[in-house]
Amino acid sequence: MSFEIQVDGMSFDDEPWPGQCLRSYLRDRGCREPDPGCDTGDCGACTVKVDGAPVHGCVYPAFRAEGRVVTTAAGLARDSSEIPGLLRMKLLRSPHAHARILDIDVSAALSVPGVEAVFTHRDTRLLDEVVCYRGQRLAAVVADTEAAAEAGRRAIRVNWQVLPAVIDPQEAIGPGEPLVHSAIGDVEAGFAEAAVVYEQTFRTSRVRPTSLESPCTAAWFDDDDRLIVRSDTQAPSLTRRALCALHDLPLDRMRVVAGRVGNGFDGAPELLGADIVVTAALALHRPVRLEDTRAEQFHGATARNSLAVHIKAGARADGRLTALHVRVVADLGASGKYGPTAVFRGVGESIAAYRCPNKKIDGHAVHTNTVPYAALPGYGLGPVVFGMESVMDELARRVSIDPLEFRQRNMSGGGVDQHIAMLHCTMADPFPDAPPGWLIGCGSAVSMTGTTPPDGRCADARITLLPNGSYEMLMRTTEYDGDTAEGGTATMCRRIAAQELATTADRVTARRFDTGVVHGTSEVADTATADRAVRHAAQELAARLRALAATHLEAPVENCYLTMDSVRSGHRRISLQVLRALALAAGEPVAAEGYRDGTPRSAAFAAQLFHVAANPGTGELRILRSVHVTDAGSGMEPPHRRRVEAGVAQAVGATVSDHVAAVDTVADMPRTEVAFTRAWDSPGVPWTGSPVDPVAPALANALRDATGIRFTELPLTRDRIWLALHRKYTRQPVRIHDVATPTRAELTLLTDYQVP
């Protein structure tokens, strides 16, 4: 069979392997476009034109393109596929939650034409003899083509001993003290003093962040035999540190390159295959690439597993809290380095947000035979805030106080006053129109988060005056949101530098992240850290330039000031180009550095309000209005607006979507109105709080206002809402956390069901 296809003016005659989609075929041949995405034909990332007609490359069979002309979005721009001798990797994953490998036979895989190597637990410590969750990798096949690697993977034979598995985190709690245990005052005395006491258990479901593109990692050697790792990680410096430690390499023997990662929202701090790719590259001394499909990502990537949060709270009749007792059980899965830290932060910051004389917290972090725990927005705070803000809403109702007023009376510090005032103004607006017969409600929630990033996240920046009078900025942070006029890490930092240097952001060039050029860190958690590092470097450079100009203008330094192209003192001026030349001739530096380690710690607040409508006949939940108020420092509003909107959208999806693999689209999301307050403790502290934290409780509180039912388990799916309403109005017992999918008999009641 002869096969030929024209792609962006180039001809290919390689036959596709059976079942191969057009997207995979094109990327195997070095096409950077189409991008991998949903693998179901929904997202459009893989769109190409075949004879002028747009098709989804992930569901379009490659053989159907025979004799046709294919046009991609970006032509044949080449990435790591252009590297000569590039090998492809495929991973074999466990079908069992807990099992021991008695024997693994790779001989058939090694006999597949094109297969170069197969790695198992016998070859590297990165693969285990005992698997602890379904989807855990157990073998890596490296081959000349993706088809050969796939054939080699299918040829591996494994003899298993299936072991007992623990799935329920409650069953995994062993004897001994909890991970987190702290008490202030006497909670029992506080409950005795309270006029009202509310106690409830809240549960969240498993959530996995999903980027538009599936994970991809490549490793190769440069001309100096240094290993280059290209990854979509959001923590490149930490990735390099971990990879070098795993493979006993000095830091200068590896370079990690990370481009723009969009709104990562904590979906890419893990190695996600980079460790096994580096293992293969070092063993074969050949370039290797691993690109997961969407299905492989959901099977093998990390997730935020379920959390159970039990809260008991009491308040006086005047709305003042008297006691708080919080108990958290976090499912860490088979492993998860972020789990214990997330538990500490979740219980610590959620309870610290409220003033209360008597507090007690117990936090358990347990391992189960499920996918490892991942860091998600809020870093453990979101699930606890869901429970805490639901409890505050119930207490406010029981003492007949406006829920926002109740929070304002009890929140720590004064940072939330502006947020609550803005939400009160929003609530004064007319209620949005809802369909006739639907139940309507309004709900809100507030959260507080610390701005200090996790251990290892620091920031440094270096700003240099260039020969043309513009500036170059090297910064220790990853590029997020793209480099556009509205947002992005680079844009944000360029604006900060421009403010201090009396210029415009377009005259400040930011170098993209590369550990071979600058050190690096992570994203949203250290926005304040990066901001202060850049600001300090810009201030130091501005002061240095004024001092240099004062010498040559023979003027007091306090009379010298920067403009876009010069330093002036009265009517006299010296251009930046001349000043730079004079400084270099005298051996004076024309650059300055700034460093920040994230201390002292600050706090950021966020508030969310929803107007919702619920259809009692179908359980459909419709968001009529979404308003988010968050902190921002000087010049931070435009770069953060889009990030806030994306964070709220992600949180809404996690709150209402039924399945861990469900991917919401723009059409599914409501428009969110974003308002910014001035950071309460310092005008220079930018927005660093997660917009995700207050979303789920605000939505649950709005649904409570509409239906009179307290939903204590996420997600708020249509079937769960319908069944709760049905049980309420037919006077059947309601246990929301036990609500299951309606039976066929229950669904037949929808035809004649009406709310009394």
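Q: How many disulfides does a search of the whole structure find?
A: The model is predicted. A disulfide needs a pair of cysteine sulfur atoms within 2.5 Å. Searching the whole structure on that basis, the number of disulfides found is zero.

Q: Is Cys 442 buried or exposed?
A: A residue counts as buried under 20% relative accessible area and as exposed over 50%. Cys 425 has a relative accessible area of 54% and is therefore exposed. For Cys 442 the relative accessible area is 17%, so this residue is buried.

Q: In what order do the five strands of the open sheet stand?
A: Strands of a sheet pair through backbone hydrogen bonds, either parallel or antiparallel. In this open sheet of five strands the pairing is mixed. The order is β2-β1-β5-β3-β4.

Q: Which strands stand at the edges of this sheet?
A: The order of the strands is β2-β1-β5-β3-β4. An edge strand here has a single partner strand, so one side of it is left without a neighbour in the sheet. On average, neighbouring strands of the sheet are turned by 35° against each other, direction ignored. The strands at the edges are β2 (10-12) and β4 (53-56).

Q: Which residue in β5 is the bridge partner of Lys 49?
A: Strand β3 covers residues 47-50 and strand β5 covers residues 69-71. The two strands run antiparallel and are joined by two bridges. The bridge partner of Lys 49 in β5 is Thr 71.

Q: What is omega for the cis peptide bond between Leu 714 and Pro 715?
A: Pro 715 lies in the loop between α17 (695-707) and α18 (718-729). The peptide bond that joins Leu 714 to Pro 715 is cis. Its omega is about 5°.

Q: What is the relative accessible area of His 285?
A: His 285 is found in the loop between α7 (274-284) and β17 (288-291). Although His 285 is not a glycine, its phi is positive, about 50°. Partly exposed covers the range between the 20% and 50% cut-offs. His 285 is partly exposed because its relative accessible area is 45%.

Q: Where is Ser 400, a residue other than glycine with a positive phi?
A: Phi of Ser 400 is near 60°. Ser 400 has a relative accessible area of 69% and is therefore exposed. Its place is in the loop between α10 (381-398) and α11 (403-410).

Terms used:
Residues numbered from 1 in each chain as written. Predicted model: local features only at pLDDT ≥ 70, side-chain atom pairs only at ≥ 80, totals over all residues. Heavy atoms only, no water. Buried < 20%, exposed > 50% of the residue type's maximum accessible area, 1.4 Å probe, protein only. Pairing = 2+ DSSP bridges. Helix = DSSP H or I, 4+ residues; strand = E, 2+ residues; numbered from the N terminus. Axes fitted to C-alpha atoms, helices over the stretch in contact; angles between N-to-C directions.
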